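Welcome, and take a moment to look around before reading on. The report below walks through the rings, the cores, one loop residue and the cysteines.

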Amino acid sequence: MQNELYELKNIEIIWAVKHSSISATFFDECAAEFFKPMLISGFAPETETSTTTTSKRYNITIDKDGFQTSEATRGCALGPDWAQDFNISGRLKERSVIIIYNVELESILSDDQVDQSYLLADNYLSNGQWPLFIKLSDNQVIGCDLLIQATGVLPNSNFWKQECDQLHLASDGGILVDDHMRTSIEYVYACGDVCAAGWNWSKHWLQMRLWTQAYQMGTYCGRSMVLSDVPLDFCFELFTHVTNFFGFKVIFLGRFNGDGVEKPWHLLLRINANKQYIKLIVKDGRIQGAILVGETNLEETIENLILNQIDISSVEEGLLDPEIDIDDYFD
């Protein structure tokens with residue numbers, strides 16, 4: 001969804017967000033702020049600039065009571081590309097973006113269904129003639145030409161459960177599978193968004209219903225159906241996801257959001273405005289997860305540091321210093 005908003009040109013965009021920040025599934029509010037300028041300005045061809053960009057580094061501790069920030073250090077499903085071949089430009093002279101937080105879509109209304117009490121004179125989001133009206137959970141009504149819904153993914157397993165009561169489901173509704181993708185029904189397998197991984201997860205892996213993970217599960221499921229003793233695939237050892245947000249390459253590794261990491265742990269951050277955003281989750285001197293935005297060239301090194309649980313305590317202070325090549329240091 002974020003990429004489609006980024007690509008839209010010369011269009012008035014109203015983005016209704018369920019959470020208090022954009023991309024809450026993947027990013028905290030700090031990362032959301034990094035992306036916000038690109039959301040407002042939209043796509044623009046990359047241009048060379050001679051302006052020196054300042055990179056900021058931070059060390060933030062997360063304990064049971066919340067955030068404690070230390071001194072800032074100055075230093076240097078369809079997949080994301082489904083709309084890339086479409087011309088999604090409007091007729092306005094420029095693009096505008098309005099973000100409405102903490103709301104959900106309540107209903108879709110046609111023009112003759114709209115309660116006139118909602119169409120207040122000062123409500124410029126509803127005034128005028130529109131082919132479609134959207135009612136939000138805060139009772140706000142928005143007129144629009146086009147609605148794009150990004151509602152997330154939920155397992156659609158009730159149909160199968162109704163036909164076969166012996167089919168075991170997880171608490172989230174996913175079809176429960178073991179480490180060979182087998183369900184509770186003999187000779188029946190499940191993979192992808194409809195299933196729930198029921199084995200003991202690796203320390204740095206988690207299930208998210210993403211197209212990349214569905215592909216990995218499908219490949220492994222096929223092998224398991226043919227080879228009964230196939231070992232659990234290495235892709236389930238470390239969570240990895242590569243995508244694009246607002247024109248940036250984004251890589252998620254391990255426990256990138258801190259979920260499942262015993263507190264207290266702390267963050268290492270490097271923010272290079274409009275270029276890079278690097279976030280590391282560190283527990284007891286060892287990296288547990290990471291988010292890499294932009295061309296950081298750190299993915300292979302960070303992946304190895306997570307998998308091997310190498311102690312970075314002695315080099316942590318300068319780990320994200322752009323003047324230090326950590327690739328060479330850990331080779």
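F236 counts as buried, because its relative accessibility is 1%, under the 20% cut-off. Please keep in mind that this is a predicted model. Y220 also counts as buried, at 1% relative accessibility.

**Aromatic rings**

The structure holds 11 aromatic pairs. In one of them, Y220 and F236 meet edge-to-face, with 5.5 Å from centre to centre and 70° between the planes. This pair links distant parts of the chain: Y220 sits in helix α4 (residues 211-226), while F236 lies in the loop between α4 and β11 (240-245), 16 residues apart. Another pair is made by F245 and F252, whose ring centres are 6.4 Å apart; their planes are at 80°, so this pair is edge-to-face, since an angle over 60 degrees counts as such.

A pair of aromatic rings is described by the distance of the centres and the angle of the planes. Here are the two pairs side by side.

| Pair | Centre to centre | Angle of planes |
|---|---|---|
| Y220 and F236 | 5.5 Å | 70° |
| F245 and F252 | 6.4 Å | 80° |

Both partners of the second pair are buried too: F245 has 4% relative accessibility, and F252 has 0%. Y220 and F236 also belong to a cluster, in which ring pairs link them with W199, W201 and W205.

**The protein as a whole**

Stepping back, the protein has 331 residues, and 40% of them count as buried. Six helices and 15 strands are found in it. About 19,000 Å² of the protein is exposed, with carbon and sulfur atoms supplying 49% of that area.

**Nonpolar cores**

In soluble globular proteins, nonpolar side chains tend to be buried together. Which residues touch the most other members of the largest nonpolar core? They are F27, F35, V250, F252 and V293, in a core of 43 residues. Helix α2 (residues 29-41) gives the most to this core, with five residues. There is also a second, separate core of 19 residues, and its members include I251, L292, I306 and V315.

F27 is a good place to start exploring. Leaving aside neighbours within four places in sequence, F27 is in contact with S21, A32, F35, F245, V250, F252, I291 and V293. Among these contacts are F245 and F252, the two rings of the edge-to-face pair with planes at 80°.

**A buried residue in a loop**

Now turn to V103, which is found in the loop between β5 (96-100) and β6 (105-109). Is V103 buried or exposed? V103 counts as buried, because its relative accessibility is 4%. Not counting residues up to four places away in sequence, V103 touches A16, V17, K18, L136, S137 and D138. One of these, S137, is 34 residues from V103 in sequence, yet the two are 5.6 Å apart in space, C-alpha to C-alpha.

**Cysteines**

How many disulfides does the structure hold? It holds zero. Take C195: the closest cysteine sulfur is that of C191, and the 6.6 Å between the two sulfurs is too far for a bond, because a disulfide needs sulfur atoms within 2.5 Å. C195 counts as buried at 0% relative accessibility, and C144 also counts as buried, at 13%.

Methods. Residues are numbered from 1 along each chain as its sequence is written. Side-chain values use heavy atoms; hydrogens and water are left out. Helices (H or I, at least four residues) and strands (E, at least two) are DSSP runs, numbered from the N terminus. Buried means under 20% relative accessible area, exposed over 50%, partly exposed in between (1.4 Å probe, protein chains only). Accessible areas come from the Shrake-Rupley method with a 1.4 Å probe; for residues, only the protein chains shown count as cover. Rings of Phe, Tyr and Trp (its six-membered ring) pair if their centres lie within 6.5 Å; planes under 30 degrees apart count as stacked, over 60 as edge-to-face and the rest as tilted. A nonpolar core is a set of buried Ala, Val, Leu, Ile, Met, Phe, Trp, Tyr and Cys residues joined through side-chain atoms within 4.5 Å. Contact means heavy atoms within 4.5 Å.
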